[in-house]
Amino acid sequence: MAELLATVFTIVTHGVLLFFSLLFTPDLCVMSATPGEPAFLPTPRNITVMVGQLAKLPCRIENLGSKDVVWRHQGADHFLTIGKLTWVKDPNVISEHRRISFQVSDWNLLIKNAQKDRTGIYECQIAATKKYVREVYLVVIDPPARKPDIFLQGSNYVPMGGEIRLLCNISGRLNARGIDWFKDGDKITGERYRNYIITRFWTVEDRSLYSELIVDNSQPHDSGMFMCRGSENEISSQSVTVRVGGSSNVNKREHGPEREHEQLQTQPHYSEYDSGHLQTDETRSSSAQGSSVVSGPWLVSVVIVTVVLLQHWRT
């Protein structure tokens, strides 16, 4: 019991001595509680965003203490934010504050729906007698150009001797370098395609590049899969068949089943070959009628000859 009381007395005595030593040494207390000077910590200083995106300009500070942080656009005569408050009547400008640790905090400037006129140098400043400034450079750029659309149009069926005409259109990009044409995977150039004509033209109104492929006096070997390709490998393809035998087959597809049925009724039906000549149902019908007419007299002659022979045999 005596030892316990001695231990408690020793602890209390040391505590009292420590209290009075701190009480009469104020300089030591001030030195231990006073933080260092404010300092900017490393953060990105070049920010690039696309039009319409959120721009976040970072500013991380150590040992800020009770001082305020202000943001301003370099060259402007007013602040954008002071502390946590937005100093301009702009709903797209926001001050973002976040404490990282006891001595470190973030004071970021947020710009919503950034436009190209926001490009410039922004200053993160600490309000103090000594100048503390950190510059952040913001660049707002246009979004990348949308990949252009490509279309190929024209007739799928052409009568032999007719004209193949295909039109390729790349829309949405006026600076397209050109359009290449292919037939069955082979690029249409040079001596093999002398009767192929390719034209190109641009339109400023709809920002489009057009190219037209024309094949005059088409023949069966001109049938195939045609393809146009843009300078950025946009591809569109279409099959073209040259019909042998005139335009009737094309008309059937253009006028529907009623027209096709009408043509089938008016056209003769080719059925078989006879002695190297092509017979139709009409010629075969007339041949059958002729044979029936000839068979009558021939039968009478056979009967007469048979009767005469029988009478001669009896005698």
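What follows is a short conversation about a predicted model and its disulfides, sheet, core and salt bridges.

Trainee: Which pLDDT limits apply to this predicted model?

Mentor: Residues are numbered from 1 along each chain as its sequence is written, and side-chain values use heavy atoms, with hydrogens and water left out. The model is predicted, and totals for chains, interfaces and linings use all residues, while side-chain atom pairs count only at pLDDT 80 or more and local features need pLDDT of at least 70.

Trainee: Happy with that! How many disulfides are there?

Mentor: A disulfide here is a pair of cysteine sulfur atoms within 2.5 Å. Cys 59 is joined to Cys 124, S to S 2.0 Å, and Cys 168 to Cys 228, S to S 2.2 Å. By this rule, the count is two.

Trainee: Which parts of the chain does the link of Cys 59 and Cys 124 tie together, and how many residues apart are they?

Mentor: Strands are DSSP runs of E with at least two residues, numbered from the N terminus. Cys 59 sits in the loop between strand 3 (55-57) and strand 4 (60-62), and Cys 124 in strand 10 (residues 120-126), so the pair ties together parts whose separation in sequence is 65 residues.

Trainee: Are Cys 59 and Cys 124 buried or exposed?

Mentor: Buried means under 20% relative accessible area, exposed means over 50%, and partly exposed is in between, using a 1.4 Å probe and protein chains only. By that scale, Cys 59 and Cys 124 are both buried.

Trainee: What is the handedness of the disulfide of Cys 168 and Cys 228?

Mentor: This pair connects strand 14 (residues 164-171) with strand 19 (residues 224-230), 60 residues apart, and both cysteines are buried. The link of Cys 59 and Cys 124 has -80° about its S-S bond and is left-handed. For Cys 168 and Cys 228 the torsion is about 70°, so this disulfide is right-handed.

Trainee: Which are the edge strands of the open sheet?

Mentor: Two strands pair if DSSP finds at least two bridges between them. The open sheet has six strands in the order 2-11-10-5-6-7, with mixed pairing. Within it, strand 5 (residues 69-73) and strand 10 are antiparallel over five bridges. Each edge strand pairs on one side only, and these are strand 2 (46-50) and strand 7 (85-86).

Trainee: Which strand gives the most to the largest nonpolar core?

Mentor: A nonpolar core is a set of buried Ala, Val, Leu, Ile, Met, Phe, Trp, Tyr and Cys residues joined through side-chain atoms within 4.5 Å. The largest one has 23 residues, and Leu 57, Trp 71, Leu 109, Tyr 122 and Leu 138 touch the most other members. Elements giving two or more residues include strand 9 (104-111) and strand 11 (132-141). With four residues, the top contributor is strand 11.

Trainee: Which residue forms a salt bridge with Asp 106?

Mentor: A salt bridge is a side-chain nitrogen of Lys or Arg within 4 Å of a carboxyl oxygen of Asp or Glu. Asp 106 is in strand 9 and its partner is in strand 4, 46 residues apart. At 3% relative accessibility, Asp 106 counts as buried. The closest N and O atoms are 2.6 Å apart, and the partner is Arg 60.

Trainee: And how many salt bridges does a search of the whole structure find?

Mentor: One of them joins Lys 56 and Glu 96, with closest N and O atoms 3.7 Å apart. Another joins Lys 187 and Asp 180 at 3.8 Å, N to O. Over the whole structure, the number found is 12.
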